[in-house]
Amino acid sequence: MGWELIEIPGSPTPSLQDSTVDVVAAKIEPKLANALIRQLSQICPLENLRHVKRIHRLTECGKSDLSIILCLSTGSETCSKQLPGDVQKIVDTYKLSPFIAKVAKCSATSKAEWEEQCKLWPTSYHPANDLDVVRGFRDEEVPSIFNCMKTAIQLSMAGNAAIIVDPSSMQIIATATDQTHQHGTSAEGNKLAEAKEDNTCSLDEPTDNNGNLLQPSSFLSKCNSLNMEVSCINPWGWSRQRTTEQKPLPCEGSFTWHPLRHAAMVAIENAADRDRMMFPSSTSITKPYSSGDLEDYSDNEPTKRQKTDTKDKEQSTDESCCSDLSETTRPYLCTGFDIYLVWEPCTMCAMALVHHRFRRVFYAFPNPVTGALGGVYRLHGEKSLNHHYNVFRISVPEAYLNGSSNCSIEC
């Protein structure tokens with residue numbers, strides 16, 4: 001099996017049996033089909049079932065049988081009691097024998113769903129014209145997406161790993177690994193990315209001549225089973241190692257580890273550090289804390305805001321050219337960025353991705369314990385949220401994790 005990109009919908013696809021409605025139908029002779037369709041369309045149109053075809057053709061042993069939908073079922077015990085007066089006249093005139101049938105309640109959103117619906121009763125299917133918008137990615141992006149996940153896997157020797165990428169240039173914005181345990185994680189995995197054009201999705205990690213990752217033998221077993229070193233899977237794992245392996249939390253300065261420093265959270269922090277470095281404030285003053293201590297404060301702070309194209313900006317081109325770089329190009333949080341995670345994030349991390357306005361989230365391995373993007377919950381489908389992102393799972397071939405030379409990226 002090759003590499004595969006699987007979309008995780010915001011709400012689970014309901015089973016066909018749970019999304020059907022009962023109708024009253026009857027078998028008819030083929031020569032009566034046109035006349036009955038015209039009459040029933042006038043006296044009993046299927047307003048809420050426009051995707052359902054009125055006629056069902058069933059061919060068995062070379063013989064074709066036609067059935068037609070007469071009206072919606074009202075749930076009465078017998079079909080005769082459910083028929084409106086005009087429909088009853090048609091039944092009596094053509095001596096039809098009504099029966100109850102099930103049809104799909106809603107129109108199909110995919111070809112696979114449409115094929116399932118047609119097993120009950122034929123429906124219409126109209127695929128979207130712009131498949132890129134529906135799928136959330138373009139075909140030419142797929143190889144780069146897989147390469148970014150390869151880079152994330154190379155970081156995840158212990159725990160989870162996260163990579164923030166600007167999809168417009170495929171530039172790595174920040175990388176991070178779990179910092180909830182003091183297990184000697186390399187600092188290379190937790191850093192902000194330098195602003196270089198060639199800083200694309202690749203790391204200097206051991207690979208073979210075909211670009212396949214040379215992982216330790218224990219890595220595949222961790223991926224195929226629950227990796228309890230991953231903070232999103234085992235959020236309390238830090239407490240078990242606290243007394244034997246980890247030193248106390250420092251009282252001053254930045255933490256080298258913390259129970260909440262999951263890979264996604266650290267990556268977001270590193271992206272913010274990158275912004276502060278690339279887009280420094282123009283002027284700064286000091287402002288006292290409520291406790292009396294001083295903090296840096298900018299009276300002209302280029303607070304992160306979304307870039308908008310307005311007529312006012314077009315009219316003030318000269319002014320914008322002279323303005324500070326941080327005023328015009330500083331991104332708003334992580335708007336439009338993608339994040340790649342080796343393991344599915346927990347609810348805390350998934351909500352942080354909402355707050356920071358990520359565009360897409362990719363992960364390789366599901367989290368059946370606390371997964372918030374398909375494993376247990378589907379937070380990205382919560383309608384009450386003020387931002388939503390697309391979620392994809394990247395199926396990674398076992399041959400790649402084993403470092404096999406026979407594995408290649410297959411779209």
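## Salt bridges, cores and strands in a predicted model

Visitor: What N to O distance goes with the salt bridge in which the side chains of R50 and E47 meet?
Guide: The side chains of R50 and E47 meet in a salt bridge, and since the model is a predicted one, the distance is a computed value. A salt bridge here requires a nitrogen to oxygen separation within 4 Å. For R50 and E47, that separation is 2.5 Å.

Visitor: Is R50, in that pair, buried or exposed?
Guide: The partner E47 has 47% relative accessibility and counts as partly exposed. For R50 the value is 65%, and because the cut-off for the exposed class is over 50%, R50 counts as exposed.

Visitor: Which residue meets K31 in a salt bridge?
Guide: K31 has 69% relative accessibility and counts as exposed. Its partner counts as partly exposed, at 45% relative accessibility. The side chains meet with 3.7 Å from N to O, and the partner is E29.

Visitor: How many residues apart in the chain are R360 and E141?
Guide: R360 forms a salt bridge with E141, in which the closest N and O atoms are 3.0 Å apart. R360 sits in strand 12 (residues 360-365), while E141 belongs to the loop between helix 4 (131-135) and helix 5. The pair therefore links distant parts of the chain, by the numbering, and the two are 219 residues apart.

Visitor: Which residue joins E141 and R360 in one network of salt bridges?
Guide: By the distance rule, the count comes to 10 salt bridges. R360 is buried, and E141 is buried as well. Salt bridges that share partners join E141 and R360 into one network with D338.

Visitor: How many residues of helix 5 go into the largest nonpolar core?
Guide: The largest nonpolar core has 61 residues, of which M149, Y340 and I394 touch the most other members. Helix 5 spans residues 142-155, and its contribution to this core, the most of any, is eight residues.

Visitor: Which residues of helix 5, among them M149, are in contact with I394?
Guide: Neighbours of I394 within four places in sequence are left aside here. The contacts of I394 then include W3, E4 and L5, together with Y340, F362, Y363 and A364. Helix 5 covers residues 142-155, and the contacts of I394 that fall in this range are I145, F146 and M149.

Visitor: How many residues make up the other core, which includes I28 and C44?
Guide: This other core lies apart from the largest one, and L36 and V91 are also among its members. Its count of residues is 19.

Visitor: Are the rings of Y340 and F362 stacked or edge-to-face?
Guide: The structure holds six aromatic pairs. In the pair of Y340 and F362, the ring centres are 4.7 Å apart and the planes stand at 10°. Because planes under 30 degrees apart are classed in that way, the pair of Y340 and F362 is stacked.

Visitor: How far apart in sequence are the parts that Y340 and F362 tie together?
Guide: Y340 lies in strand 11 and F362 in strand 12, so the pair joins two separate elements. Y340 is buried, and so is F362. The parts tied together are apart in sequence by 22 residues.

Visitor: Which residue in strand 13 is the bridge partner of F362?
Guide: Strand 12 and strand 13 pair in the parallel sense over four bridges. Strand 13 (residues 390-395) also pairs with strand 1 (residues 4-7), in the antiparallel sense over four bridges, with I6 opposite R393. On the strand 12 side, the bridge partner of F362 is F392.

Visitor: Which residue takes a positive phi in the hairpin of strand 3 and strand 4?
Guide: Strand 3 (residues 55-60) and strand 4 pair in the antiparallel sense over six bridges, and H56 stands opposite S67. Two residues lie between the strands of this hairpin, and the residue with a positive phi, near 55°, is C61.

Visitor: Which residue with a positive phi follows helix 12?
Guide: In helix 12 (residues 347-355), C349, A350, A352, L353 and V354 are buried. What covers them includes helix 8 (263-278), strand 11 (338-343) and strand 12. The residue that follows the helix with a phi near 60° is R357.

How values were computed. Residues numbered from 1 in each chain as written. Predicted model: local features only at pLDDT ≥ 70, side-chain atom pairs only at ≥ 80, totals over all residues. Heavy atoms only, no water. Core = buried A, V, L, I, M, F, W, Y, C linked by side-chain atoms within 4.5 Å. Buried < 20%, exposed > 50% of the residue type's maximum accessible area, 1.4 Å probe, protein only. Contact = heavy atoms within 4.5 Å. Pairing = 2+ DSSP bridges. Phe/Tyr/Trp six-rings, centres within 6.5 Å; stacked < 30°, edge-to-face > 60°.
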